[in-house]
Amino acid sequence: MKRCLVVLMGLALVGGVGAAPAMATHEIVIGLLCDRTGATQVVGVNLCPGSHDYVKLLNSKGGVEGHKIKLIEVDHEYKVPPAVEAYERFKKEGAVTVVLYGTPIVYGLTQKVTEDKIPGITPGFGRSDATDGTRYPYIFPLMATYWSQATAAVKFSKDQLGGSLKGKKIAYLFFDNPAGQEPIPVLQDLAALEGFELRTFAVPSPGVEMGAQALDIAQRYRADFVIAHLFGRSPSVSIKELKRVGYPLRKVVSFVWGAAEADIEAAGGWAVAEGYNTIQFAGVGQDFPVIREIKEMYKKEGKEPPKEMASTVYYNRGIVWVALQVEAIRNALKAKPDGKITGADVKLGFEKVKGVTLGGLVPPVELTPNDHEGGGWVQIWQAKGGKLVKLTDWYKAYPEVLAKHIKEAGAKK
Amino acid sequence: MIHRECGVLKTSYEADMAFYPLPIARWAVAVVAVLMFVVLPLGLEEYYLSIVNLISITVVGALGLNILTGYTGQISIGHGAFMSVGAYTAANFAVRLGFPFWLSLPLGGLMAAAVGAIVGTPSLRIKGLYLAIATLAGQLIIEWTINHVKWISGGVQASIVVPRPQLFGLTIATQRQMYFFLLVFVVLAVVGTMNLVRSRIGRAFIAIRDHDIAAEIIGIDIFRFKLLAFAISSFYAGVTGVLYTYYLGIANYEQFQIGTSIDYLAMIIIGGLGSVLGSIFGAIFVTLLPIVLRYAMEAFGGLVFSPGDVLNIIPNLRLIVFGGLIIFFLVVEPEGLNRLWRNIRNYFRVWPFAY
C-alpha cells in the first residue's frame with residue numbers, strides 16, 4: 001500500500017496538479033495516451049505539452065465548474081500492448097474520458113471503451129465510420145476524419161483548378177497502411193462525381209523513400225493536383241522529393257499529419273516548401289487569446305513559455321482536444337454538480353458539445369448522438385514567406401458522399 | 001536449506017524422466033498453481049490483472065519462438081507475421097462462419113503452422129543469418145498480403161471486429177475473466193513445451209541445433225524435423241495472435257509488424273535460449289520492465305526535474321534504461337535470466353557449505 005501511495009504522490013507531482021489531497025475526491029481525471037518515443041514521436045513531443053498547459057491554465061482559473069482536472073499522460077511508443085496497459089491504468093485512476101492516440105490503438109481499444117463506458121476521443125486517428133454515434137457510442141473522432149479530409153482536399157483542388165475537375169488528373173500519395181488507405185473509397189466516389197481521373201501512389205513503410213513515386217507523379221502521370229496522406233518522417237520526404245522533380249508545391253495539399261511546421265523544417269526549410277498546402281483541423285499560429293493566457297501564466301511563474309509552443313500546429317491541437325473533452329465534462333457537471341460523474345455522463349456531455357471556439361482555435365464542432373465527428377470542419381493553410389498563412393476559413397464539402405459511406409459502413413457490420 | 005537432495009535414488013527410467021525428481025519441486029509447483037489460480041485472480045485489482053494478461057499472451061508467443069530458435073537453432077524474424085496469420089484466420093472464422101473460440105483458435109493456430117512451414121522451407125538449404133533474412137522476407141510478404149487482400153483483411157481498414165469469446169453462455173469480457181481464459185492456454189503451452197522437448201521430437205530438434213550434419217548421420221530426418229519445428233513454433237505464434245484478437249476484440253495486423261518479431265527475439269535471448277522457464281522470464285522482463293521503470297520515474301523523477309521535463313524524460317529515459325539493462329543482464333549472464341536463476345538456485349542448494 002505504501003508503494004501505491006508513493007506512486008500516487010509521484011503522479012500528482014507529474015500531473016502538475018500540486019498536492020491537494022482534500023480535492024482528490026472531486027478531481028476529474030482525463031487519460032492521455034501520447035507517443036513521445038516511437039515512429040511518430042515528432043507529433044507527440046509537441047502536441048502533449050499543449051494539453052498539459054491548457055489543463056494547467058484551466059486549473060489556475062479554478063477548474064471546471066469548481067472541479068480541478070487531472071490529466072494523466074502515459075507514453076505508449078505507438079504500440080498496442082503498452083496502450084492497453086495504459087488504458088487500464090487510466091480506468092483504475094477513475095478517468096472519465098481518454099485520448100486514444102494512434103490508429104492501431106483506436107482499433108485495439110474500441111471494444112474495451114465501449115464495454116467500460118468510457119468515451120475515447122480519436123481526433124485524426126481514423127475509424128472514419130465511427131462518425132456514426134449509434135454504432136460506436138463511446139468513440140468520438142471529434143474532428144475531421146480521413147473521409148472528411150478527403151472531401152475537403154478534393155473541394156480545395158477543385159477551387160484551385162478553376163472551379164471544375166472535369167478531365168483533370170489527381171494523384172493520391174499515401175502511406176500504405178490502413179489509415180492511409182481509408183480515404184480511397186471516398187476519393188473514388190468523388191472522382192466519378194466530379195469527372196476527374198484518380199491514381200493512387202502507395203508509399204511503403206517506413207515511408208522515407210519516395211523518389212520513384214514523386215517522379216511518376218510529376219513526369220509520367222503529370223498530375224494536375226496531388227493529395228498527400230503521410231505520417232511521421234514521410235511528409236517531409238514528400239515535400240523534398242516533389243520539389244526535386246520540379247512539381248509545383250502549391251498544387252499539393254496534405255492531410256493533417258503532414259501539415260506541421262516540423263515537417264516543413266525537416267524538408268529543408270520554408271524556402272523549399274513555399275506554396276505547400278496543408279489541411280488543418282485546429283487553428284494555427286499564436287494569435288489566440290488562450291495562447292496569450294498560457295504565456296501570461298508562465299510569465300507569472302517567472303518562466304519562459306515552453307519551446308514546444310513554437311510548433312503551433314501540434315501544440316494547438318493538443319489544446320483543442322483537451323478543450324473539447326473539458327467542454328464535455330462541463331456539460332456532464334452541469335447535470336451532476338457534485339462532481340461524481342462517470343464515463344456515461346461525459347458521453348452525454350460530449351453529445352451536447354457546441355459553440356466552443358476559443359477565439360477561432362477550435363472548429364465550429366457540433367456533436368450530436370448521431371454525429372460524433374461534429375461536422376468535419378477544416379481550414380487550409382499554405383506555407384508562405386516563412387510561416388503558414390490561412391487560405392480558407394472553416395469549411396466542409398460533399399456531405400452527401402460522406403453520409404453515403406457512413407451509412408454503407410454501418411450496413412456492412 | 002529446508003531440503004536435502006540425498007536419498008533420492010532413481011530405480012526406473014520413469015523416475016529418471018520425471019519433471020520433478022525432488023518432492024520439494026512438486027510442492028513448489030503446487031504453490032505456484034495455487035498462486036496463479038487463486039491468489040493472483042482474487043487478490044489483484046483489474047489493472048494489475050491486465051498486466052498479467054499481457055504477459056500471459058506474450059509467454060505463449062515466446063515459448064513458440066524458443067522452440068524454433070532456442071531448441072532447433074533456426075533464427076526467425078517472422079514470428080509477428082505468423083501471429084497475424086492466426087489472428088486473421090480466427091477472426092474470419094469467428095465472424096463469417098460464427099465459429100466459437102474453441103474452434104477458431106486451433107484453426108488459427110493450424111493455419112499459422114501451415115504458413116510457417118512454407119516460410120520455413122528455405123531453412124532446408126540455408127542457415128543462420130541467411131535464414132533470418134529469408135524469414136524477414138516472409139514477414140514482409142505476409143504483412144503486405146494482409147494489408148492488400150481485402151478478402152482476408154475485411155476491407156480498407158484491415159481490421160476485423162471479433163465478438164467476445166463465450167463459454168457455456170458466459171461472455172468473457174472483464175480482465176478477471178480474461179485472466180482465467182488466458183491462463184488455460186498458458187498452462188497448456190508450458191506443459192506442452194516441457195513435454196515436447198523431452199520427447200523424441202524435442203531431442204531431434206536439439207540434435208539439429210547442436211550439429212545438423214551429425215544429426216542427419218545418426219538418422220534424423222532433417223527435412224521433416226526442421227519443417228516440424230517451424231510448424232509447431234508458428235502454431236504457438238498463431239495461437240498468440242488469436243489470443244490477442246480475443247483479448248482486444250479485434251484483429252489488426254499493425255500490431256504484428258517487424259518490431260514485434262524483434263521484440264520476441266529479444267525476449268527469448270534475454271530469458272534464455274532453449275529453456276521453458278527462460279521464455280517465461282523473458283516475457284515477464286520485457287513486458288514488465290517498461291512499466292516498472294515508468295512508475296519509478298514518476299515517483300522520483302519529480303525530485304530532479306520539473307513536471308514538464310519529467311513527461312519528456314520518462315519515455316526516453318525508459319528506452320535508455322531498458323536498453324542498458326538488457327546489455328547488463330547479457331554481460332552478466334550471456335545465457336539469459338534462466339541461467340542467472342539456476343546459478344542462484346545452485347548456490348543456495350549447498351548453502352552454507354559452499355566449496
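Biologist: What radius of gyration would a compact globule of 413 residues have, and what does chain A have?

Modeller: Good place to start, and bear in mind that this is a predicted model. For 413 residues, a compact globule would come near 22 Å, and chain A has 21 Å, which agrees. Along the principal axes, the C-alpha atoms of chain A fill a box of roughly 65 × 50 × 35 Å.

Biologist: How many of the 413 residues in chain A are buried, as a percentage?

Modeller: Buried residues account for 59% of chain A. As for how the chain is built, chain A has 15 helices and 12 strands. Of its contacts with a separation of 6 or more, 72% join residues 24 or more positions apart.

Biologist: Let's turn to domains. Which parts of chain A fall in each domain?

Modeller: Domain 1 of chain A takes in 2-144 + 285-350, and domain 2 takes in 146-280 + 378-412. Their centres, taken over C-alpha atoms, are separated by 29 Å. Where the two domains touch, domain 1 of chain A contributes 17 residues and domain 2 of chain A contributes 21 residues.

Biologist: Which element gives the most to the domain 1 side of that contact in chain A?

Modeller: That is α13(A), with three residues. Both α2 (41-60) and α13 (312-335) of chain A supply at least two residues there. By class, this side of domain 1 of chain A divides into five nonpolar, nine polar and three charged residues.

Biologist: And how is chain B divided?

Modeller: Chain B has domain 1 (1-7 + 20-43) and domain 2 (44-273). Between the centres of these two domains of chain B, over C-alpha atoms, there are 29 Å. Their contact takes four residues from domain 1 of chain B and seven residues from domain 2 of chain B. The domain 1 side consists of three nonpolar residues, one polar residue and no charged residues.

Biologist: Now the interface. How many residues does each chain give to the contact between chain A and chain B?

Modeller: Chain B gives 35 residues and chain A gives 38 residues. On the chain B side, the elements that give two or more residues are α3 (46-71), β1 (159-161), β4 (250-252), α13 (276-300) and α14 (307-332). The most comes from α14(B), with nine residues. In terms of class, the chain B side has 20 nonpolar, 11 polar and four charged residues.

Biologist: What should I expect of nonpolar side chains, and which residues have the most contacts inside the largest nonpolar core here?

Modeller: In soluble globular proteins, nonpolar side chains tend to be buried together. Here the largest nonpolar core has 223 residues, and those with the most contacts inside it are A:L33, A:L100, B:V60 and B:L243. Helix α11 (residues 222-248) of chain B gives the most to this core, with 15 residues. Setting aside neighbours within four places in sequence, B:L243 is in contact with B:I57, B:V60, B:L182 and B:F185.

Biologist: One helix to finish. How far apart are the end C-alpha atoms of helix α4 of chain B?

Modeller: Start with the rule: at 1.5 Å a residue, the 18 residues of helix α4 (residues 79-96) of chain B should span 26 Å. The end C-alpha atoms of α4(B) are 26 Å apart, so the expected and modelled spans agree.

Biologist: Is α4(B) mostly covered or mostly open, and which residue with a positive phi follows it?

Modeller: Mostly covered: 16 of the 18 residues of α4(B) are buried. The residue you want is B:G98, which follows α4(B) and has a positive phi, near 65°.

Technical notes
Residues numbered from 1 in each chain as written. Chains lettered and ligands numbered in written order. Predicted model: local features only at pLDDT ≥ 70, side-chain atom pairs only at ≥ 80, totals over all residues. Domains from an automatic or database assignment. Nonpolar A, V, L, I, M, F, W, Y, C, P; charged D, E, K, R; others polar. Helix = DSSP H or I, 4+ residues; strand = E, 2+ residues; numbered from the N terminus. Rg over C-alpha atoms; globule rule 2.2 N^0.38 Å. Buried ≥ 20, exposed ≤ 12 C-beta atoms within 10 Å, placed from the backbone. Core = buried A, V, L, I, M, F, W, Y, C linked by C-beta atoms within 7 Å. Expected span 1.5 Å × (residues − 1).
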